[in-house]
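Subject: Structure handover

Hi,

Here is the structure I promised to pass on. Please open it alongside this note; my findings follow below.

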Amino acid sequence: MRSGRRTALWGGVAVLVVLAAGPAIGTLLHLDTSILSEVLLTAIGAMGVNLLLGYTGLPIFGNAAFFGLGAYGAALSVKDFNAGFLLALLIGLAAGLAGGLIVAPFLLRRRNIYFGLLSIAFGQVFYFIAYRFSDLTGGEDGMAFPRPPLKVGPLHSPVDETLMYYVVYALFVAAVVGFWLIVRSPFGQTLVAIKQNELRVRYLGLNADRFIFVGIVVAAAYAGVAGALYGLLLRFAFPLLMDWHESGNFILMTLLGGAGTIFGPLIGAIIFVIGKDIISTITPAWEIVLGAFFIACVLGFPRGILGTIADTIARRSAPDADSLDAGPPAPTDQGRVAVTPETGA
Amino acid sequence: MNGDVILEAVDVCKHFGGVQAVDHIGIRVERGSLHAVIGPNGAGKTTFFNTLSGFYLPDSGSVRFEGVDVTNEPNWRRIVRGMSRTFQTPSIFPELTVYQNLLIGTQARRGVAFRLSLPSAKQRADIDARIDELLGFVNLRAASSRTVGELAHGSQRLVEIAMSLSTEPKLVLLDEPMTGLAEAETARIMSVIHDLHDRLGLTVLFVEHNMRVVLSLAHRVTVLDRGRLLAEGPPAEIAANEAVRDAYLGKEIIERV
């Protein structure tokens, strides 16, 4: 019963170990180190989407706003306050989190498509603010800023692409460990229960809105860190980062890799970011090629790549009693008993 | 029964569009009693029940639980106060295991549901022990790791009853617990309802239209008809009540009982 969990745990550790050799692998595959940084930071942002979409069942379509807030937070802190690398990161995180705190109370009582639409609307509000307040944000042109040096204790170093990758990597590991803890905590288990049957969660004496509130704020914080890293990677922040199109990309990656699995967003981000990079050098119509690939994936992997693989493995072994993220356990050999359909009065 | 009222509703009204589903209905549920609400289809039983449990807020009237006015309280807060309920169609987490279904409420009652960190080994052992106790009560220990959506309907009902106990309620509301069950499953649920009262000492209020079940289980019966209160009293009195016979029972059924 525990073996499935142990396999998943060691699989996760193996993935993190392989990623530690990222720049070397990149050289081998002729990939820029900065592309690998983009993969990991995008995955961090998509993990926030995954917490809401994959675990809680809430279609958050405005996550790019928090991502953009992170990038602007880093940009403004460097440009206007001469902040160091870590402080810029921290301010980016705080900006994303603050965005979440502002939006969450309005999203709380909405569900399903209404939640999605309202989150798009809020996302677009941030987009237009960034677009219009050009004195602060540089407007349509965006704002360029230098990447400040990293100062940790005695270490004082300019951040080249390799060091940048390792900063992103370190935060990715922290994000994964944090995510792993959250989805296994009582809080995360309750989010999964809300996805299944919110009414029952309420009738167990829990105010589901409180859980959703914290879920949104955590997702926004993940997006904020990711956005700050992206800004520092590009040395640039621009309004299109906040566009709903960008939010759609996060959703796509999450679904592609496997919503409701810890490493699904990473797989989605690898395919999306590297796929875009490779295909766009071959053809300017890269979106068509990538789109066709996504359609094929959705047909071939209905629960996302990792979700479908996890399902297949689960079907071959006994159902795991306390893993909440491996999808529904397979039917047992005792067979299904027909459930009498009923209508509530 | 000592006259201590655990749940009291006064003059509750609820309408949907032009339909007055519940029309000035009141009830007094005594602590420690097994109290049934009966009535023909469309009598307003479930709607009334829903106003008691906070599924709907009533248009007018009041609901008091242990002397506290809970009329306009959200449903989850009533659960915290010590109510719990089941639904006609079992309200469960279909893709989770039986264990996980019981985990959520158990953690809620222990005040750890909101924690973002893993529970300590001691807390976990305490929670597991409680879940094991609940599984034992409904006799589902063997099904602990099975997905609830795959279980037979009667077993899903039992899981739901165990879930409603996971919050350690004082009053359990059961909405038509026998609906859609085979004979053997009905007997099993009836014995569980008995145990809720006799072994756990809980107050039980249940909606039921199976007269045989009501007359054999309940200490007190409230009869509704077309949104109004028709009669209330001990089962023998209800069975003999002319108005009840006319409205709902039919002579035949009572004689069979």
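What should helix H14 of chain A span at 1.5 Å a residue, and how far apart are its end C-alpha atoms? H14(A) runs over residues 305-316, 12 residues in all, so the expected span is 16 Å. The end C-alpha atoms lie 17 Å apart, which agrees. Bear in mind that this is a predicted model.

Staying with H14(A), its buried residues are Ile305(A), Leu306(A), Gly307(A), Ala310(A) and Asp311(A). An α-helix has 3.6 residues a turn, so residues three or four places apart point the same way. The cover over the buried residues of H14(A) includes three helices of chain A: H11 (244-257), H12 (264-282) and H13 (286-300).

Next, the contact between the chains. On chain A, 34 residues touch 44 residues of chain B. Two elements of chain A give two or more residues to its side: helix H8 (161-184) and helix H9 (186-202). H9(A) gives the most, with 11 residues. By type, the chain A side splits into 19 nonpolar, 10 polar and five charged residues.

Now chain B overall. Its secondary structure has 10 helices and 10 strands. Its radius of gyration is 19 Å, and the globule rule gives 18 Å for 257 residues, so chain B is as compact as a globular protein of that length. Along the principal axes, its C-alpha atoms fill a box of roughly 60 × 40 × 40 Å. Buried residues make up 49% of the 257. Take the contacts in chain B between residues at least 6 apart in sequence: 67% of them join residues at least 24 apart.

Then the sheet. Chain B has an open sheet of six strands, in the order S6-S7-S8-S3-S9-S10, with mixed pairing. S6 (83-85) and S10 (228-233) of chain B stand at the edges with a single partner strand each, so one side of each has no neighbour in the sheet. On average, neighbouring strands are turned by 15° against each other, direction ignored.

Within that sheet, look at strands S3 (34-38) and S8 (203-207) of chain B. They pair in the parallel sense over four bridges. Val37(B) has Val207(B), in S8(B), as its bridge partner. Helix H6 (183-198) of chain B packs on the sheet and touches S3, S7 (171-175) and S8 of chain B. The direction of H6(B) makes about 150° with that of S8(B).

Over to you.

Methods:
Residues are numbered from 1 along each chain as its sequence is written. Chains are lettered from A and ligands numbered from 1 in the order in which they are written. This is a predicted model: local features need pLDDT of at least 70, side-chain atom pairs count only at pLDDT 80 or more; totals for chains, interfaces and linings use all residues. The radius of gyration is taken over C-alpha atoms; the globule rule is 2.2 Å times the number of residues to the power 0.38. A residue is buried if 20 or more other C-beta atoms lie within 10 Å of its own, exposed if 12 or fewer, and partly exposed in between; C-beta atoms are placed from the backbone. Two residues are in contact if their C-beta atoms, placed from the backbone, lie within 7 Å. Ala, Val, Leu, Ile, Met, Phe, Trp, Tyr, Cys and Pro count as nonpolar, Asp, Glu, Lys and Arg as charged, and the others, Gly among them, as polar. The expected span of a helix is 1.5 Å times one less than its number of residues. Two strands pair if DSSP finds at least two bridges between them. Axes are lines fitted to C-alpha atoms, for helices over the stretch in contact, and angles run from 0 to 180 degrees between N-to-C directions.
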